[in-house]
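Hi,

Here is the structure I promised to pass on. Have a look at it first, and my notes follow underneath.

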Amino acid sequence: MTAQTLYDKLWSSHVVREEADGTVLLYIDRHLVHEVTSPQAFEGLKLAGRGLWRVDSVVSTADHNTPTDHWDEGIKDPISRQQVETLDANIKSFGALAYFPFKDKGQGIVHVMGPEQGATLPGMTVVCGDSHTSTHGAFGALAHGIGTSEVEHVMATQCLVAKKSKNMLVQVNGPLAAGITGKDVALAIIGKIGTAGGTGYAIEFGGEAIRSLSMEGRMTLCNMAIEAGARSGMVAVDEKTIDYVKGRPFAPGGADWDAAVAYWNTLHSDEGAHFDAVVELDASDIKPQVTWGTSPEMVTDIDGSVPDPAAEADPVKKGSIERALAYMGLTANTPVKEIPVDIVFIGSCTNSRIEDLREAAAVARGRSKAASVKQVLVVPGSGLVKAQAEAEGLDKIFIAAGFEWREPGCSMCLAMNADRLQPGERCASTSNRNFEGRQGQGGRTHLVSPAMAAAAGIAGHFVDIRQL
Amino acid sequence: MKAFEKLAGLVCPLDRANVDTDAIIPKQFLKSIKRSGFGPNLFDEWRYLDHGEPGMDNSVRPLNPDFVLNFPRYAGAQVLLARENFGCGSSREHAPWALDDQGFRVVIAPSFADIFFNNCYKNGLLPIVQPAEVVDQLFRECEAQEGYTLTVDLAAQTITTPTGQVFSFDITEHRKHCLLGGLDEIGLTLQHAEQIKAYEAARRQAQPWLFA
């Protein structure tokens, strides 16, 4: 048998049928559902008199619209409330394997909740009406975001109409330097290949640096595969994967566990498997990353400066830099360390897991928020992450530093709830997108790791966490 | 789904790379539980001078006179000409819904983000990839000539300029078939229900933990 990549294996094991033009029906094992991209899909099912093909494939939670404070007051925004209540009603009427509604202790960001419940398993196909579904590829799963029409299609047929992507290997060689996280690796990769560099590809991340990352770090990395243009990112299964999954509520047990582990251990690219593209990075070159512009590829490191559009020859790129600097309120050649911040956001499906909060707390411990910083928001990814952080006393460290400790949800990553930037406010954010208006109209986002965000909140501007 | 066969449409040029779906339809409009009515909020933050929220009367909001969609010469445009990596970012299908609701039927760009590209086909919106030099030429011609229209023929897979120059484009057979016929993809897939059930039964046998 010819050598296969991890993606080849995941793909071929889910093909139900294939047309002459290569279009396939791809079987979906896990369907994660949240309130924003599902109402029109459920409505479509109702209109056509259809039900869910497989109720026990659906795991759901409300995350985008939920507030992160004053839970006793419910959801104040009536349109947000209607969307969350619509999900409640749809799950009640259509069913699900599990549902974690607003205020439930298992509620959280869908991409934090899935793995921590063991609802994401190696070898699965995982979809969700959310582009950051690539997160789940950290488990050696084939996971990607879909649109609402596809959400409805999966609900009704358990399949997606799909075409295979090309294979890309991103190999990060050598050990990571101290303090360098999955976030820095992700941003360094995007800086190298660009936000369209992975378009048309499924990316496998490999190499010593990737193997050394925890499952949380791998989730952060795969989460941002979409920011490199790849719908799915993935990491081969190893002992860390299996240790993470073991004992979780929806993980297999008993004899099934041994059979599952035996299968999961085959989920890696074979020696000599063919990749259509290979990108290599040297881990020792990766320093703490900071974005300066309005696209994740507009990134430099903590020793860098804001670029000068005059130095760019390509007129489209030059125009993009000029527009980004104008939007961001930045002057060419400004050192990153001299950029002050107004707000800090630590959270999102990229960086709100327990390890992220530990890294931020390690920086915040015994220190205080700068007087010039208006607010530092710490938003855990789920109710379970929140409980774990509180058991470890992290909440007390944050509160003592003048940070705000909130309830779980997507929060200021996309500002669908009340947590948002005001026009002109500058934010050090652990989220995934620095697009114009992403965190609030006119808001200015700099993407960084949790430790870098916490450090910016304490210093009032970006600093090198390696020198703290 | 709405069928697409042939269209001769006015072209609107949007000269920016990496136009993301947050720009196409900002998040506050995603709170709707409907799939229509997003057109007036297409490119909301670029199109209006004030901050938009759901429920506002968009007809009385101050328009940004510098944004291309507001130029009188592009009123009624059905073809959007765009730059590389159009539709990057979130998977929100509200982006193609908003383009469709505004009246666009075709988007031409050198490249598209994968999820957006896929979402377009589900809504009778045709995304067409053309080489960067062709897109450059179309931008030049469109900006030089008021009333510039392109004829897009899906069956023939061609774009024809006002001077009769013809460019061809690629599309998979499956997508072409669905788009030409305006077919219900779920209905098509359910024609293979027995095959899905057989696959599922074998999978349940081999990996029972996935069905626990």
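To start with a small one: in which helix of chain A does A:Ala260 lie? A:Ala260 belongs to α10 of chain A. Before going further, please keep in mind that this is a predicted model, so treat what follows as a reading of a prediction.

Staying with that alanine for a moment: A:Ala260 counts as buried because 22 other C-beta atoms lie within 10 Å, the cut-off for buried being 20 or more. If you set aside its neighbours within four places in sequence, A:Ala260 is in contact with A:Pro252 and B:Trp209. A:Leu121 sits 139 residues away from A:Ala260 along the chain, yet their C-alpha atoms are separated by 9.5 Å.

The contact with B:Trp209 leads on to the interface. Here 58 residues of chain A are in contact with 50 residues of chain B. On the chain A side, the elements giving two or more residues include α10 (254-264), along with the strands β1 (15-18), β2 (24-27) and β8 (159-162). Helices α2 (39-48), α3 (78-94), α5 (148-157) and α11 (315-328) of chain A are on that list too. Which of them gives the largest share? That is α5(A), with six residues. By class, the side of chain A that touches chain B divides into 20 nonpolar, 25 polar and 13 charged residues.

α5(A) deserves a second look. Ten of its ten residues are buried, so the helix is mostly covered. Among the buried residues are A:Glu150, A:Glu152 and A:His153, as well as A:Val151, A:Val154 and A:Met155. Right after the helix comes A:Gln158, with a positive phi near 65°.

Now the domains of chain A. The assignment gives domain 1 (6-163 + 238-262), domain 2 (166-236 + 269-285) and domain 3 (289-467). Between domain 1 and domain 3 of chain A, the C-alpha centres lie 28 Å apart, and 21 residues of domain 1 are in contact with 21 residues of domain 3. On the domain 1 side of that contact, helix α4 (residues 110-116) of chain A gives the most, with four residues. That side has five nonpolar, eleven polar and five charged residues.

On to chain B. Its C-alpha trace spans about 65 × 45 × 25 Å along the principal axes, and the chain has eight helices and seven strands. Of its 212 residues, 42% are buried. Among contacts in chain B with a separation of 6 or more, 67% come from residues 24 or more positions apart. An unreviewed UniProt entry annotates residues 1-132 of chain B as "domain: Aconitase A/isopropylmalate dehydratase small subunit swivel". Over residues 1-132 of chain B, 20% is helix and 14% is strand, with the end C-alpha atoms 30 Å apart.

Last, the core. In soluble globular proteins, nonpolar side chains tend to be buried together. The largest nonpolar core in this model has 202 residues, and A:Val344 and B:Val107 are those with the most contacts inside it. What does B:Val107 touch, leaving aside its neighbours within four places in sequence? B:Val107 is in contact with B:Leu80, B:Ala82, B:Phe86, B:Leu99, B:Cys120, B:Leu125 and B:Pro127.

Over to you,
A colleague

Terms used:
Residues are numbered from 1 along each chain as its sequence is written. Chains are lettered from A and ligands numbered from 1 in the order in which they are written. This is a predicted model: local features need pLDDT of at least 70, side-chain atom pairs count only at pLDDT 80 or more; totals for chains, interfaces and linings use all residues. Two residues are in contact if their C-beta atoms, placed from the backbone, lie within 7 Å. Ala, Val, Leu, Ile, Met, Phe, Trp, Tyr, Cys and Pro count as nonpolar, Asp, Glu, Lys and Arg as charged, and the others, Gly among them, as polar. Domain bounds come from an automatic or database domain assignment. UniProt positions are given in the numbering used here, feature names are shortened, and annotations may be inferred rather than shown by experiment. A residue is buried if 20 or more other C-beta atoms lie within 10 Å of its own, exposed if 12 or fewer, and partly exposed in between; C-beta atoms are placed from the backbone. A nonpolar core is a set of buried Ala, Val, Leu, Ile, Met, Phe, Trp, Tyr and Cys residues joined through C-beta atoms within 7 Å.
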